[in-house]
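Student: Could you take me on a close look at the aromatic part of this model, ring by ring? I would like the geometry and the surroundings in one connected account.

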Amino acid sequence: MPTVEVGDLKDDDFLLDVREDDEWRAGHAEGALHIPISEFVARYGELTEAAPRDGRIHVICRSGGRSAQVTMYLAQQGVDAVNVDGGMQTWAATGRPVVTDDGAPGFVL
């Protein structure tokens, strides 16, 4: 399973958040694309439209389990995808900003 540490992510890396709607509303990484894992296959086209053509997709969830599943699926499709180790819990713990849809400070649910 290809993984990346939160600390290795750059500000312009493409981030896919696969947490559910309530988790997203509580707080997320600014600029991330949100497609819940429960809707992922049905909404796969949204990812292919938004993701950089030859770029890597960094997949994140709360702790790394759901994002690992999506990363494996994407890899099977021939997509360059990596799982963000530790997920949003590690993201927040390392001091990276967590925001709500209106830009206010958020939290990891």
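Tutor: Happy to. Phe-40 is buried, because its relative accessibility of 4% is under the 20% limit. Keep in mind throughout that this is a predicted model.

A pair of aromatic rings is described by two things, the distance of the centres and the angle of the planes. For Phe-40 and Tyr-44, the centres lie 5.9 Å apart and the planes meet at 80°, so this pair is edge-to-face. Tyr-44 has a further partner in Tyr-73: here the separation is 6.0 Å centre to centre, with 85° between the planes, and this pair is edge-to-face too. That second contact joins distant parts of the chain, since Tyr-44 belongs to helix α2 (residues 44-50) and Tyr-73 to helix α3, 29 residues apart. Taken together, the ring pairs connect Phe-40, Tyr-44 and Tyr-73 into a cluster. The structure holds 3 aromatic pairs.

How buried or exposed is Tyr-73? With a relative accessible area of 26%, Tyr-73 is partly exposed, whereas Phe-40 is buried.

Staying with helix α3, which spans residues 65-76, we also find Thr-71 there. Thr-71 has a relative accessible area of 0%, so this residue is buried. Which residues surround Thr-71, once those up to four places away in sequence are set aside? Thr-71 touches Met-1, Pro-2, Val-59, Ala-81, Val-82 and Asn-83.

One more aromatic ring deserves your attention, that of Trp-91. The charged end of Arg-96 sits over the Trp-91 ring, 5.0 Å from the ring centre. Trp-91 also brings us to the largest pocket, which offers about 200 Å³ of space. The pocket is lined by 13 residues, and those closest to its centre are Asp-11, Leu-15, Ala-29, Glu-30 and Trp-91. By character, the lining of the largest pocket comprises 7 nonpolar, 1 polar and 5 charged residues.

To round off the tour, here is a residue in another helix. Asp-21 sits in helix α1 (residues 21-26), and Asp-21 is partly exposed because its relative accessibility is 35%. Beyond its neighbours within four places in sequence, Asp-21 is in contact with His-34, Pro-36 and Glu-39. For Asp-21 and Pro-36, 15 residues apart along the chain, the C-alpha atoms are separated by 6.9 Å.

Notes:
Residues are numbered from 1 along each chain as its sequence is written. This is a predicted model: local features need pLDDT of at least 70, side-chain atom pairs count only at pLDDT 80 or more; totals for chains, interfaces and linings use all residues. Side-chain values use heavy atoms; hydrogens and water are left out. Helices (H or I, at least four residues) and strands (E, at least two) are DSSP runs, numbered from the N terminus. Buried means under 20% relative accessible area, exposed over 50%, partly exposed in between (1.4 Å probe, protein chains only). Contact means heavy atoms within 4.5 Å. Rings of Phe, Tyr and Trp (its six-membered ring) pair if their centres lie within 6.5 Å; planes under 30 degrees apart count as stacked, over 60 as edge-to-face and the rest as tilted. A charge sits over a ring if NZ of Lys or CZ of Arg is within 6 Å of the ring centre and within 35 degrees of the ring normal. On a 1 Å grid over the protein atoms alone, a cavity is a set of points where a 1.4 Å probe fits but cannot get out, and a pocket is an open set with protein on both sides within 12 Å along at least five of seven lines; lining residues have an atom within 4 Å of a point. Grid points are joined across faces, edges and corners, and a volume is the space filled by probe spheres set on the points. Ala, Val, Leu, Ile, Met, Phe, Trp, Tyr, Cys and Pro count as nonpolar, Asp, Glu, Lys and Arg as charged, and the others, Gly among them, as polar.
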